[in-house]
Amino acid sequence: MSIRPLIHAGVCALTLGAAALGSTAAMAQWKPERPVKLMVGFAPGGSADTLARLIAEPLGQKLGQPVIVENVPGAGGNIMAQRLSTSPADGYTLGMGAAGSMSVAFHMSPKATKYRPESFAPVTLLASQPNVVIVNNSMPASNIQGLKSYIQKNPQASYGIAGIGISNHLIAESMLSRLGVKMEAVAYKGAAPVITDLLGGHIMMTVDNITTAAALAKEGKVKALAVTTAKRAPQLPDVPTLQEQGIKNFDMPTWQGLFAPAGLPADVMKTYFQAVQEVLNDPATREKMAHLGSEPVVGVSSADFVKYLAKDRQQWAETIKAANIQTQ
């Protein structure tokens, strides 16, 4: 699901109304009177946690109250989402959600997922990142067609994933199915052991976030074959997209968004939307996000975010069905 049109529309809207944004932010009807909790569905130190803390500090300055990050790890972010869904819709509890918990879970684990799409008030998109297809250096492939040829000649080859049904797993399966080849997925308990076994040659491929993948590729430890978004990643400018290599309309980024419990009052929604836009347009914040491989997604209203989520969920449902992945 492409974020590009939303980025373009947001940039235009903010360019036209930049002057109005600052004044309307000051006129917002609601301001928090105590610290705000921002829940993250992953452990401290990871990319999601780092992004949340990067945004939380300036957001707190805009709101006039601290925004405190609380880590609620487990089940790919689903435990956090479940807790958020039952929290009071008073503006003091927010969550940073992503595709795994807010799109994939409804199709991958429909019986185990206790919350529903309508359990949340989507506030706005925050950021997106490309993923990268990386392979062991011993693989005689320098591009995606070379990868396809290798898999056809080595049907026993496997690739690693950090968990069944996470977005990187589904991105890999979507790519493989559109290439017309199959490759066994080996599930690990986290991303670190996946990389360890990739470097050791126990698996031959994985799809990883741009930050990790770019570092490994630049150090010559892996080969980067493609990025999963519609345009190339600044961190790996010489690595072509999957679209450039013959897989039409392939644009599957990782994204993060700000969510609240369903029933968030309109004035509270307005306050958070406007404050977040100011944070995402701050040059210092944008520079820090760029170091993480994250691109700010600006100007996406709650209504537009709802539409984006509907399309995103449909895309993952189609991917799961096409790859014949067993749901829970």
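A helix, here, is a DSSP run of H or I at least four residues long, with the numbering starting at the N terminus. That matters for a pocket in this predicted model, since helix α7 (residues 167-179) supplies the largest share of the lining of the second largest pocket, namely four residues. The pocket itself has a volume of about 220 Å³. Its walls include H169, E173, L176 and S177, along with G180, V181, K182, M183 and A185, and also A322, A323 and I325. Sorted by character, the lining residues come out as seven nonpolar, three polar and two charged. As for how such a space gets found, rolling a probe the size of a water molecule over the atoms shows where empty space is left.

Now for the sheet. Strands of a sheet pair through backbone hydrogen bonds, and they can do so in a parallel or an antiparallel way. In this model, six strands build an open sheet, lined up in the order β2-β1-β3-β10-β4-β11, and the pairing is mixed. At the edges stand β2 and β11 (295-296), each with a single partner strand, so one side of each is left without a neighbour in the sheet. At the β11 end, strand β4 (residues 120-129) pairs with β11 in the antiparallel sense over two bridges, and A127 has P296 of β11 as its bridge partner.

Strand β1 deserves a closer look. On one side, β1 is joined by five bridges to strand β2 (residues 67-71), and the two run parallel. β1 also pairs with strand β3 (residues 93-98), again in the parallel sense, over four bridges. M39 shows both pairings in one residue: M39 sits opposite E70 in β2, and its bridge partner in β3 is G95. Four of the five residues of β1 (residues 36-40) are buried, so the strand is largely enclosed by the rest of the structure. Together with helix α3 (residues 47-63) and β2, strand β1 also makes up a right-handed β-α-β unit.

What about the stretch after β2? The loop between β2 and α4 (78-85) is home to G76. Is G76 buried, exposed or partly exposed? Its relative accessibility is 36%, and because anything between 20% and 50% falls in the middle class, G76 counts as partly exposed. Leaving aside residues up to four places away in sequence, G76 touches F42, G100 and S101. G76 also lies 7.0 Å from I166, C-alpha to C-alpha, although 90 residues separate the two in sequence.

Conventions
Residues numbered from 1 in each chain as written. Predicted model: local features only at pLDDT ≥ 70, side-chain atom pairs only at ≥ 80, totals over all residues. Heavy atoms only, no water. Buried < 20%, exposed > 50% of the residue type's maximum accessible area, 1.4 Å probe, protein only. Pairing = 2+ DSSP bridges. Right-handed = clockwise from strand over helix to strand, strands pointing away. Contact = heavy atoms within 4.5 Å. 1 Å grid on protein atoms, 1.4 Å probe; cavity = no way out; pocket = protein on both sides within 12 Å on 5 of 7 lines; lining within 4 Å. Points joined across faces, edges and corners; volume = space filled by probe spheres on them. Nonpolar A, V, L, I, M, F, W, Y, C, P; charged D, E, K, R; others polar.
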